[in-house]
Amino acid sequence: DERPDPLIKEQILKQSKKDELACAVAFEIAYKLGVKPSEVGKTADLLEYRLIKCQLGLFGYKPGHSIVEAKLPENNEIVDAIKDGMVNDRLPCKTAWEIAARFDVHKMTISSACEAMSIKIKPCQLGAF
């Protein structure tokens, strides 16, 4: 019986199209409202909006769902950071973002490395997976 947060709902309705909410937009809303990204994801779910265009390239791209290609980075320190950041044999989405920021690389560089290393990225900061 949960209801969508009215402030988050208002922003989602203003900034989304066709019952879809892009990951980057969800994070903008979270930042603007000072809430956790997971709260925006939960509200989107309650509104039955589909999350699209994951910034790690993992879901929400047409015609397929993922645009990640397996590729190890040239910098072995990134590989080590991924291994060090794993929790229960997975790399949390938030940690993937932190590694990308630390090494000043695109977020998809990290997800591509994880794909090459057969490492799942989970949990999603928006609660998508």
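Reader: What volume does the largest cavity have?
Author: This is a predicted model, in which local features need pLDDT of at least 70 and side-chain atom pairs 80 or more, while totals for chains, interfaces and linings use all residues. Residues are numbered from 1 along each chain as its sequence is written, and side-chain values use heavy atoms, without hydrogens or water. A search of the whole structure for cavities (sets of 1 Å grid points where a 1.4 Å probe fits but cannot get out) finds one of 30 Å³ or more. The volume of the largest cavity, taken as the space filled by probe spheres set on the points, is about 40 Å³.

Reader: Which phenylalanine residues line the largest cavity?
Author: The lining, meaning residues with an atom within 4 Å of a point, includes Cys23, Cys54, Gln55, Leu56, Cys93, Trp97, Cys124, Gln125 and Leu126. The phenylalanine residues of this lining are Phe27 and Phe59.

Reader: How many degrees lie between the planes of phenylalanine 59 and phenylalanine 129?
Author: The structure holds two aromatic pairs (ring centres within 6.5 Å; planes under 30 degrees apart are stacked, over 60 edge-to-face, the rest tilted). Phenylalanine 59 and phenylalanine 129 form one that is edge-to-face, with 5.7 Å from centre to centre, and the angle between their planes is 75 degrees.

Reader: Is phenylalanine 59 buried or exposed?
Author: Its partner in the pair, phenylalanine 129, has a relative accessible area of 26% and is therefore partly exposed (between the limits of under 20% for buried and over 50% for exposed, with a 1.4 Å probe and protein chains only). Phenylalanine 59 has a relative accessibility of 14%, so this residue counts as buried.

Technical notes: Rings of Phe, Tyr and Trp (its six-membered ring) pair if their centres lie within 6.5 Å; planes under 30 degrees apart count as stacked, over 60 as edge-to-face and the rest as tilted. On a 1 Å grid over the protein atoms alone, a cavity is a set of points where a 1.4 Å probe fits but cannot get out, and a pocket is an open set with protein on both sides within 12 Å along at least five of seven lines; lining residues have an atom within 4 Å of a point.
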